[in-house]
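Trainee: Could you take a close look at one part of this model with me, beginning with a pair of strands and then following the surroundings outward? I would like to see how the burial, the loops and the charged pairs fit around it.

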Amino acid sequence: MEEKLKDLIVYFEDPNVEKQQIHIHIEGLQALTQNSYYRTFRGSIVISERGRTYKEEIRKKLPIDKIKGRVRMELLFGFRDNRKRDLDNLNKPLIDAMKNIVIEDDDQIWELIMKKEIGIGRDYITIKIQPL
């Protein structure tokens with residue numbers, strides 16, 4: 001029987017390392033693209049209903065400790081199906097959901113590494129954040 005992975009939040013604290021690292025794994029949540037996250041309303045760009053729901057789901061899984069200063073962020077997106085997805089459209093909604101919770105602002109990100117897996121039979125998002 002296949003064992004399902006649970007949501008995972010891990011703080012890596014090494015006595016030899018002064019700064020904290022965060023590793024978050026969210027199983028069963030499909031990443032939302034910028035095109036779905038935002039919409040136009042009366043000439044202004046706003047977060048869509050679907051985008052607000054996504055943002056809430058992400059925020060429920062985040063630790064409340066902010067990392068200050070420059071960070072290195074690694075994002076891994078897994079998708080159940082084989083549909084094409086542009087990797088560069090996946091990061092902005094996720095990073096915006098983390099603002100003011102895990103990081104102060106996205107201008108703290110000095111290194112960003114992104115990967116995707118498609119057609120793997122499950123949806124997930126993995127986030128790794130390390131202070132520089």
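Mentor: In this predicted model, strand β2 (residues 21–27) and strand β7 (residues 124–131) pair in the antiparallel sense, and six bridges hold the pairing. Within that pairing, I26 has I125 of β7 as its bridge partner. Strand β2 is largely enclosed by the rest of the structure, because five of its seven residues are buried.

Strand β7 also leads to a helix, since it belongs to the elements that cover the buried residues of α3 (91–98), a group that includes α1 (34–37), β3, α2, β5 (71–78) and β6 as well. Seven of the eight residues of α3 are buried, so this helix too is largely enclosed by the rest of the structure. The buried residues are N91, P93, L94, I95, D96, A97 and M98. A general point about helices helps in reading such a list: an α-helix has 3.6 residues a turn, so residues three or four places apart point the same way. Just after α3, N100 takes a positive phi of about 70°, and this residue, which is not a glycine, sits in the loop between α3 and β6 (109–117).

A second positive phi in a residue other than glycine is found at R42, with a value near 50°. R42 lies in the loop between β3 (38–41) and β4, and it counts as exposed because its relative accessibility is 76%. Further along, the loop between β4 (44–47) and α2 (49–61) holds S48, which at 7% relative accessibility counts as buried, the cut-off being under 20%. Leaving aside residues up to four places away in sequence, S48 touches S36, Y37, Y38 and R39.

The charged pairs bring us back to the strands and to the loops that join them. A search of the whole structure finds 13 salt bridges, and one of them joins the side chains of E111 and R72, with 3.3 Å from N to O. This pair links distant parts of the chain, as E111 is in strand β6 and R72 in strand β5, 39 residues apart. Both ends count as partly exposed, E111 at 34% relative accessibility and R72 at 24%.

Another salt bridge is formed between the side chains of D123 and R80, at 3.6 Å from N to O. D123 lies in the loop between β6 and β7 and R80 in the loop between β5 and α3, so the pair ties together parts that are 43 residues apart in sequence. The two ends of this bridge fall into separate classes of accessibility: D123 is buried, with a relative accessible area of 7%, whereas R80 counts as partly exposed at 48%.

A similar division appears in the salt bridge that D81 forms with R85, where the closest N and O atoms are 2.9 Å apart. Here the acidic residue D81 counts as partly exposed at 26% relative accessibility, while R85 is buried, with a relative accessible area of 8%. Salt bridges also join K66, K68 and E104 in a network.

To return to the starting point, the antiparallel pairing of β2 with β7 involves a strand, β2, with five of its seven residues buried, and β7 is in turn among the elements covering the buried residues of α3.

Terms used
Residues numbered from 1 in each chain as written. Predicted model: local features only at pLDDT ≥ 70, side-chain atom pairs only at ≥ 80, totals over all residues. Heavy atoms only, no water. Helix = DSSP H or I, 4+ residues; strand = E, 2+ residues; numbered from the N terminus. Buried < 20%, exposed > 50% of the residue type's maximum accessible area, 1.4 Å probe, protein only. Contact = heavy atoms within 4.5 Å. Pairing = 2+ DSSP bridges. Salt bridge = Lys/Arg side-chain N within 4 Å of Asp/Glu carboxyl O.
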